[in-house]
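Me: Could you take a close look at one part of this model for me, the place where two of its chains meet? I'd be glad of the cut-offs along the way.

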Amino acid sequence: MTMAKPALVTLLTDFGTADPYVAAMKGVILRACPAATIVDISHDIPPQDVTAAALVLAQAAPYFPPGTLHVVVVDPTVGTDRRILAGRFAGQLFLFPDNGVITFVAETMAMQVLAVVRAAESAGTASVSMTFHGRDVFAPLAGQILNGLDIARLGPQPSTYKTLDLPRPIEQEDRLIGRVIYADRFGNLISNVPAEAVRRRWLDTGRLIVSCAGRQVGPIQATYAHAKEGEALALFNSMGLLEVAVNRGSAAQKLAAGVGSEVIVMEARHERQ
Amino acid sequence: MTMAKPALVTLLTDFGTADPYVAAMKGVILRACPAATIVDISHDIPPQDVTAAALVLAQAAPYFPPGTLHVVVVDPTVGTDRRILAGRFAGQLFLFPDNGVITFVAETMAMQVLAVVRAAESAGTASVSMTFHGRDVFAPLAGQILNGLDIARLGPQPSTYKTLDLPRPIEQEDRLIGRVIYADRFGNLISNVPAEAVRRRWLDTGRLIVSCAGRQVGPIQATYAHAKEGEALALFNSMGLLEVAVNRGSAAQKLAAGVGSEVIVMEARHERQ
Amino acid sequence: MTMAKPALVTLLTDFGTADPYVAAMKGVILRACPAATIVDISHDIPPQDVTAAALVLAQAAPYFPPGTLHVVVVDPTVGTDRRILAGRFAGQLFLFPDNGVITFVAETMAMQVLAVVRAAESAGTASVSMTFHGRDVFAPLAGQILNGLDIARLGPQPSTYKTLDLPRPIEQEDRLIGRVIYADRFGNLISNVPAEAVRRRWLDTGRLIVSCAGRQVGPIQATYAHAKEGEALALFNSMGLLEVAVNRGSAAQKLAAGVGSEVIVMEARHERQ
């Protein structure tokens with residue numbers, strides 16, 4: 001990495017920001033690569049919530065410059081034989097546990113290289129205290145990559161990688177029944193209903209109606225501009241998932257809904273529930 | 001902007017730090033200007049609380065180097081025809097929605113240039129999903145400014161700009177009745193009582209007495225040094241507002257007060273309430 | 001400081017991140033040293049909790065590059081005649097109030113230089129409003145140090161410095177009784193029981209048994225690898241303190257324990273309590 005190309009790395013963890021863990025990772029990275037610029041994506045992922053991390057990663061990563069390294073340490077299977085993978089998707093680099101956290105990135109950014117990090121698990125195990133993988137495995141690897149190590153040389157190409165086994169929407173006679181899988185600070189509700197599952201079933205999505213937490217939201221709109229202030233609406237978001245929102249308001253509040261709430265898509269003529 | 005002058009930008013939002021929104025803004029800025037240094041002022045402004053944002057901005061911005069660009073996205077009127085303004089105050093740059101968030105900066109830092117950002121609202125509207133102005137409008141504009149675009153060329157000079165219509169202190173026979181408008185983590189209480197309103201009314205402020213939430217605080221002091229440890233005191237802060245604090249303690253706790261609590265200034269001889 | 005050596009500074013405070021105080025400190029530092037890289041260790045130390053700050057500092061600082069300046073402003077005795085010290089420990093620089101916050105750093109990193117900062121208290125006192133030491137004293141000093149000022153020249157070497165007077169474990173006939181002094185986000189529990197106090201008393205630590213909050217945790221393990229998933233264990237952490245944890249789980253939750261909970265070390269044969 002030449003000086004003209006600043007080494008940019010992002011961190012996404014569930015460590016919170018009160019404890020010393022994120023700072024220790026940053027120290028290790030800066031020790032390896034003093035010129036690195038480190039950006040926090042989030043450290044407030046609910047502990048061990050790989051789905052939330054996967055959604056947050058896919059909504060932030062695409063906006064970073066080519067060559068950015070994204071390090072993800074939301075890792076409930078640490079200590080098992082879960083692998084660490086390094087990948088290049090759409091020109092950006094990702095270092096992550098093979099637990100499905102790459103799911104939405106992989107769906108929306110083209111994969112170019114993927115490598116199983118060889119022997120990563122062995123780092124630090126000589127130490128008396130517990131290996132803290134974020135600091136002792138991921139951060140040193142990040143430093144090496146920032147210093148120019150080609151990720152394809154980190155290890156062999158895997159034959160496959162894990163993706164999230166999200167609860168699939170249930171297909172019933174006249175409807176698809178999904179669930180909210182992420183609610184943000186503004187009360188926007190992301191569901192597990194993929195656009196393609198809807199389009200595969202109904203040719204004319206214009207005649208569909210969406211409800212959430214038992215309350216009707218209305219048809220699937222093309223853009224937010226179709227809802228008036230304070231009105232709820234449904235649309236397919238940039239990850240291809242059905243999202244329920246309120247124009248300049250909180251869908252979570254207006255609909256009394258949150259993670260786990262039912263999201264139903266059905267034909268308008270059946271709208272009677 | 002030459003390379004010798006690092007591009008420094010601050011962000012002030014109500015986005016929180018759990019969701020991907022702040023990171024997406026940073027990605028867009030770094031894509032435009034890889035050498036930028038980005039500093040968070042706060043992302044924990046209570047949602048849509050323009051008054052809190054205005055107070056926080058005015059207490060942080062003056063300490064940054066000349067040429068720093070401050071980007072404010074606390075923007076409850078997004079989606080209306082509210083304008084985006086770019087201004088230079090006391091040698092620092094500000095990019096902000098015209099909703100009053102600049103109020104206290106404008107009162108304490110001399111305005112040099114102000115421009116209505118032309119056509120800013122149109123950015124991103126071609127996208128299917130909702131335009132996220134922080135990422136799709138403010139961040140690209142910040143990138144352009146960091147790359148040297150003169151803010152005076154962003155658009156025409158406005159004839160006016162919005163300031164906060166703070167609740168005015170009520171004038172009664174012998175007293176001014178104001179309210180707490182901001183409480184910080186340490187329990188310091190900032191009120192809506194301007195120094196000038198007090199000085200306009202009473203020539204001799206030395207004979208005034210302040211109470212807050214029904215408890216007497218004492219006279220208006222020149223400095224904090226006048227209160228003993230654990231004692232409450234009132235003074236005019238650097239924004240010219242009456243503030244109630246406790247020397248090495250929490251006024252919020254000691255007085256059981258918070259945002260909305262009454263702050264009364266009256267002549268000492270009437271102190272009987 | 002040459003350009004080849006980036007100026008790296010960390011901040012550790014109890015200011016929180018909602019208010020403008022951390023940003024104001026960063027502004028002052030960047031005004032003095034525009035090329036500085038600023039890393040947050042934590043701003044969410046419980047207000048005025050010097051013990052927590054001391055533990056967090058000692059767990060983060062050692063991972064940073066040599067020459068890093070760590071600025072600590074957890075300072076409940078601000079306003080008294082408490083001194084500000086500057087020290088070099090194991091090649092890293094520390095600027096801190098002399099209130100014991102350096103305790104665990106001093107135990108684990110070799111001290112090389114220590115200086116009482118001369119006249120630091122006088123900074124800013126001319127101002128009408130309260131001196132905010134983080135911004136008006138610590139940040140300007142940090143800027144001077146980042147710009148190359150030798151800390152040995154800041155003032156005379158002190159004959160001593162404060163260390164935390166942690167509650168000492170109580171020695172009873174067959175046991176040591178300590179307390180949890182820090183619980184992290186993952187539910188790991190750090191106690192005030194030093195490894196050396198245990199080893200001084202019992203030659204064979206292999207026959208000891210630990211309990212926490214009245215529940216048995218088991219023997220003191222050499223590494224985390226000795227506990228199965230979901231099982232509690234005790235070990236001496238990198239600061240030489242007895243720590244109770246659960247392999248891939250939360251000891252705080254499993255044992256219903258937290259700061260203040262009793263941690264007992266006793267011989268296995270007496271294990272009957």
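Reply: Happy to; here is a walk through the interface of chain A and chain B, followed by some context from chain C.

This is a predicted model, in which local features need pLDDT of at least 70, side-chain atom pairs count only at pLDDT 80 or more, and totals for chains, interfaces and linings use all residues. Residues are numbered from 1 along each chain as its sequence is written, chains are lettered from A and ligands numbered from 1 in the order in which they are written, and side-chain values use heavy atoms, with hydrogens and water left out.

Let's start with confidence. The model has an ipTM of 0.90 and a pTM of 0.91. For chain A the mean pLDDT (the predictor's confidence in each residue, from 0 to 100) is 89, with 91% of its residues at 70 or more. Residues 123-129 of chain A have pLDDT below 50, and beyond near neighbours in sequence this stretch has 11 contacts in the model. Where pLDDT is low, the predicted coordinates should not be read in detail.

Now to the interface itself. Contact, meaning heavy atoms within 4.5 Å, links 26 residues of chain A with 29 residues of chain B. The buried area, which is the accessible area (1.4 Å probe) that two parts lose on being put together, summed over both, is about 2,300 Å² between chain A and chain B, and carbon and sulfur atoms give 56% of that. In chain A, Tyr63(A), Arg185(A) and Arg248(A) lose the most area to chain B, together 31% of what that side buries.

As for polar pairing, 13 residue pairs (both at pLDDT 80 or more) are in polar contact between chain A and chain B; such a contact is a pair of N or O atoms within 3.5 Å, where within protein one must be able to donate a hydrogen and the other to accept it, and residues adjacent in sequence count only if both atoms are side-chain atoms. The rule finds 0 salt bridges across this interface, a salt bridge being a side-chain nitrogen of Lys or Arg within 4 Å of a carboxyl oxygen of Asp or Glu.

Finally, how chain C relates to chain B. A turn of 120° with a shift of 0.0 Å along the axis lays chain C on chain B with an RMSD of 0.1 Å, using least squares on the C-alpha atoms of residues with pLDDT of at least 70 in both. That is the relation of a three-fold axis. In chain C, Thr37(C) comes closest to the rotation axis, at 4.9 Å (C-alpha).
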